[in-house]
Amino acid sequence: MGKIKTSPAHNKKKTSKFQKLWQRAEKLKQELEQRDQRLDELAKRIEREIYPAERASALVQKPLLLNLLELGQRKSWTNWQRQELERWIGEQIGLQAHFSLIDDTLENAIARYDAFRLGVELDEDDGAPLGEQLRRAVQAAEDAEREQHQEHLDDMANDRDAMIDALLDNTLGKRPGRDENTPTADLFEQHPGDVESEAQAAYDQERAEMRKALEAQFQQSIDELMGNFLDEDELDGDEEFSWGFPGAEQKADSAAPKLDNATLQRMFRSAAAVLHPDREPDTEKRLEKQALMAKLLLARKAGDMMTVLSLYQEHVGDGAALSKADEKQLVASLEQQLRQLNRQLEEYQAPSEMHGIAWEFYHPAKSKVDAEIKAHLELLALQKEQTKINAPLMTSMRALKPVLEIRYERWREQQMGYYY
C-alpha cells in the first residue's frame, strides 16, 4: 500500500492526530503482512515435515485400536473402565479418520464394537458390509421409536378436546340456565329473559377464550415434546469425527470497521467511479482497473479504510494531500481500523488446517520455531517406537487395566482443573 499524503506538518509538535494514527496503522499492517507471509511458509513446512510424521505415527497405532475394539466387547469391565476405554477408542478412531486410514478391516471392527454397545446382532454371513448392517439396524430402531413417539402424540391430540372440556367444566362449572339445582336458578326466576341470555353469553365468551388459551398451551406442549425428541434423535445419530484446528471454527469478525463515515463514503464512490472497468475502452487498462476495483470492493467489505483512502488519493486526488478537515472527519474510522489490526495480530483466523497447526508453532523468533518443530518430530518418533512395542502387549484385560487406570486418573485431574 502506498504512502498516503496528509496535510503538511512543519515540525513534530504539529503532527496531527490522524498522521500519528496512520503511522501506527501502517506499522501494524506491515507486521500483519510479514506474519502472514511467515505463516504461509510455515504451513508449507508443516505439510512437508510434520503431517507425514503424524500420519506415520497414526498408522502404527492401528493395531492398538484393533485390540481395543476387540477388548471393548468384554462384559466384565467396570463402569469407569468402560468409560475410559470408550474415550480412548473414540480418540483413536478420530485419529485414523483424520488421516484417512480406516480400511475395510478397521471399519468392520468398529461396526462389531458399536453393535456390541448398542445391543445389535450382526450377521457375518449376510454378505452385506457390517457397517451397512449396523446402519440399517440403527435406522430401523430410530424409525420405530419415532413412530411410537408420534403415536403417543396423536393419542394426546385425540384426547385433547375431552381433556379441555373436563378442565373447563371443573373451572367454570355448568352453563347458566333454569336448572333449579344451579345457584342462578332463583335469579332467572326473578329476572327472566335478558338476564338469562346475558349470563349465558358471558359464560360462552369466557369458555371460548379459555378454550383457545388451553388449546394453544396444549399444542405448545406437543411441539416441545416433538422438538425434544428430534433434538435427542440428532444427538444420538451417527456422529462424524471432526478434526478441528485452531481458528477453523472462528466466525468472521463482526466488529470489523464499517465505512459509514460520510467523508469515507464519498471517497469510495469517487474511487469506484474512476476505477470502474466498464468505462475503460482500452483493453489493457480495463484489466488493470478490474483488479483495482476488486481490491476496492474487498477493502470496503473488510472495513479496510486505509486501502480505500490510498486508492482514492492515488487515482482520484492525483496524489494531493488530504485536507485537515478530511483528516479530522476520518480520525474515528482510523482508530477503529487500528483496533481491528490489533485484534488480527492477536487472533489469527487460519485459512486451512496446516495454517492452524503453523499458528501453534509460530513465534517471531525463527530459531524458536525450528527448535519446537524439532522437539515435536522427536516426540512423534518416540511415541511411534513406544506404540510398536506396547501395541502387541495390549491383548488382554489384565494388560489393559493399568493403562486405563493411568488414563482415568489423568482425565479426572483435568476435570478437576476445569472447576478450580
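Let's start with Q133. Leaving out residues up to four places away in sequence, Q133 touches L122, D123, D126 and A128. Its place is in helix α5, residues 130-158. Q133 counts as buried, because its relative accessibility is 8% and the cut-off is under 20%. One reminder before going on: this is a predicted model.

Now the overall picture. The protein chain has 15 helices and zero strands. Of its 420 residues, 34% are buried. Take the contacts with a separation of 6 or more: 74% of them join residues 24 or more positions apart. The chain exposes about 27,000 Å². Carbon and sulfur atoms supply 49% of that area.

Next, helix α4, residues 104-118. This helix has 15 residues and reaches 21 Å from first C-alpha to last, close to the 21 Å expected at 1.5 Å a residue. Which residues of α4 are buried? They are L106, A109, I110, A111, Y113 and A115. Their cover includes α2 (62-71), α3 (79-98) and α5. That brings back α5, the helix that holds Q133. Just after α4 comes G119, with a positive phi of about 70°.

On to the cores. The largest nonpolar core has 27 residues. Those with the most contacts inside it are F18, L296, M305, M306, L309, L330 and L334. Five elements give two or more residues to this core: α1 (17-60), α9, α10, α11 (305-315) and α12 (324-346). Another core lies apart from it, with 19 residues, including L68, L85, W88 and L404. As background, nonpolar side chains tend to be buried together in soluble globular proteins.

Two of those contributing helices pack against each other. The axes of α10 and α11 come within 9 Å and cross at roughly 145°. From α10, the contact uses L292, K295, L296, A299 and R300. From α11, it uses T307, V308, L311 and H315. By type, the residues of this contact divide into five nonpolar, two polar and two charged. Note L296: this residue takes part in the contact, and it is also among those with the most contacts inside the largest core.

Stay with α10 for K289. This lysine sits in that helix, which covers residues 283-302. Is K289 buried or exposed? K289 is buried, because its relative accessible area is 19% and the limit is under 20%. Set aside its neighbours within four places in sequence, and K289 is in contact with V274, L275, H276, P277 and E280.

Now N261. Where does N261 lie? It is in the loop between α8 (194-236) and α9 (262-275). N261 is buried too, with a relative accessible area of 12%. Not counting residues up to four places away in sequence, N261 touches Q329, L330 and S333. Take the pair N261 and Q329: they are 68 residues apart in sequence, yet 7.7 Å apart in space, C-alpha to C-alpha. L330 is another familiar name, one of the residues with the most contacts inside the largest core.

Last, helix α14, residues 366-390. At 1.5 Å a residue, its 25 residues should span 36 Å. The end C-alpha atoms are 36 Å apart, so the two values agree. V369, I373, L380 and T387 are buried in α14. What covers them includes α1 and α13 (353-361). And α1 is one of the elements that give two or more residues to the largest core.

Definitions and conventions. Residues are numbered from 1 along each chain as its sequence is written. This is a predicted model: local features need pLDDT of at least 70, side-chain atom pairs count only at pLDDT 80 or more; totals for chains, interfaces and linings use all residues. Side-chain values use heavy atoms; hydrogens and water are left out. Helices (H or I, at least four residues) and strands (E, at least two) are DSSP runs, numbered from the N terminus. Buried means under 20% relative accessible area, exposed over 50%, partly exposed in between (1.4 Å probe, protein chains only). Contact means heavy atoms within 4.5 Å. Accessible areas come from the Shrake-Rupley method with a 1.4 Å probe; for residues, only the protein chains shown count as cover. A nonpolar core is a set of buried Ala, Val, Leu, Ile, Met, Phe, Trp, Tyr and Cys residues joined through side-chain atoms within 4.5 Å. The expected span of a helix is 1.5 Å times one less than its number of residues. Axes are lines fitted to C-alpha atoms, for helices over the stretch in contact, and angles run from 0 to 180 degrees between N-to-C directions. Ala, Val, Leu, Ile, Met, Phe, Trp, Tyr, Cys and Pro count as nonpolar, Asp, Glu, Lys and Arg as charged, and the others, Gly among them, as polar.
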